[in-house]
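Biologist: Please take a close look at the salt bridges of this model, and set out which residues pair and where those residues lie.

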Amino acid sequence: MADQQAPPRSPSRQPRGAAILLPGAGSSEDFVRRVFAGVALDREVRVVTRPAGDARGLVDSIESAISDLTERGWRTEVVAGVSLGAHAAAQWAARSRIRDLDLLLVMPAWTGSPGAIAAATAAAADRLEAVGVAEELARIRTESPGDWVVAELTRAWPQWSEQALISALRATARSPAPTVEELAQICARTGIVGLRSDPLHPHSTASGWHAAIPGAGLVLIDRSAPAGDVAVLGAAAALAARSTHRHEAPSGSR
């Protein structure tokens, strides 16, 4: 009897789907991967960035990534972003009106037209241009020793060329965030995370997005919470996406 060829064995662990991750301006792929490490587990991961740092410009990049993943047989299950990345993810979700995925929005900075927070981003770009990355990092490390955000900037900023970093921050400062009307168009399961007492990502912005996005969940955590492991941000966003509560968060996480 002729030998029969055994069928190919399936891999023991197959990714369930795909996750698209978007870092903030001046951040890094490494950071956003660590934030959403738990969410992206066993999923194909795409990190979407644009050097110019403009949130609206990222929307087409998200659609392109989803199209490419679909052609390759992956189903996008998560679109997640931090800061500017959250702005872009929300703008994409408002435009696409897709329902069947988790939209995870961490630390949104403003709503609609750029304002005071955006102006602070522009001022940071001006300081970098005046003194350089090394001196500016030394200054903020002295002002905020042990701060986890400063530690992340110390890791991320040297990965950029100085001019590219300055350009990215300035583009961000000019970049409109989603409006309340756009947020109201979002259909996806949405989880939002805000940090209490974060001057550049006010928790009032996260609360406003929560109020505007139908069915969204919200978790507010202390600014110091990610110091041990930034993955708490992604975990909180995933928890919020499964929440059905629509009211103001209490003093603890929800």
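Modeller: What follows goes through the salt bridges, with the overall setting given beforehand.

This is a predicted model, in which local features need pLDDT of at least 70 and side-chain atom pairs count only at pLDDT 80 or more, whereas totals for chains, interfaces and linings use all residues. Residues are numbered from 1 along each chain as its sequence is written, and side-chain values use heavy atoms, with hydrogens and water left out.

The protein chain has ten helices and six strands, where helices (H or I, at least four residues) and strands (E, at least two) are DSSP runs numbered from the N terminus. Of its 254 residues, 50% are buried; buried means under 20% relative accessible area, exposed means over 50%, and partly exposed lies in between, with a 1.4 Å probe and protein chains only. Among contacts (heavy atoms within 4.5 Å) between residues at least 6 apart in sequence, 79% join residues at least 24 apart.

Side chains of opposite charge can pair when their charged atoms come close. The structure holds 21 salt bridges, each defined as a side-chain nitrogen of Lys or Arg within 4 Å of a carboxyl oxygen of Asp or Glu.

One of them lies within a single helix: Glu29 pairs with Arg33, with the closest N and O atoms 2.9 Å apart. Both residues belong to helix α1 (residues 29–35) and stand four residues apart, about one turn of the helix. Glu29 counts as partly exposed because its relative accessibility is 41%, and Arg33 counts as partly exposed because its value is 36%.

Arg95 takes part in a salt bridge with Asp60, the closest N and O atoms being 2.7 Å apart. Arg95 lies in helix α3 (residues 84–96) and Asp60 in helix α2 (residues 55–71), so this pair ties together parts that are 35 residues apart in sequence. Arg95, at 46% relative accessibility, is therefore classed as partly exposed, and Asp60, with a relative accessible area of 48%, is partly exposed.

Arg95 also meets the side chain of Glu63 in a salt bridge, at 3.1 Å from N to O. This pair links distant parts of the chain, with Glu63 in helix α2 and Arg95 in helix α3, 32 residues apart. Because its relative accessibility is 32%, Glu63 counts as partly exposed.

Elsewhere, Asp30, Arg34, Glu152 and Arg155 are linked in a network of salt bridges.
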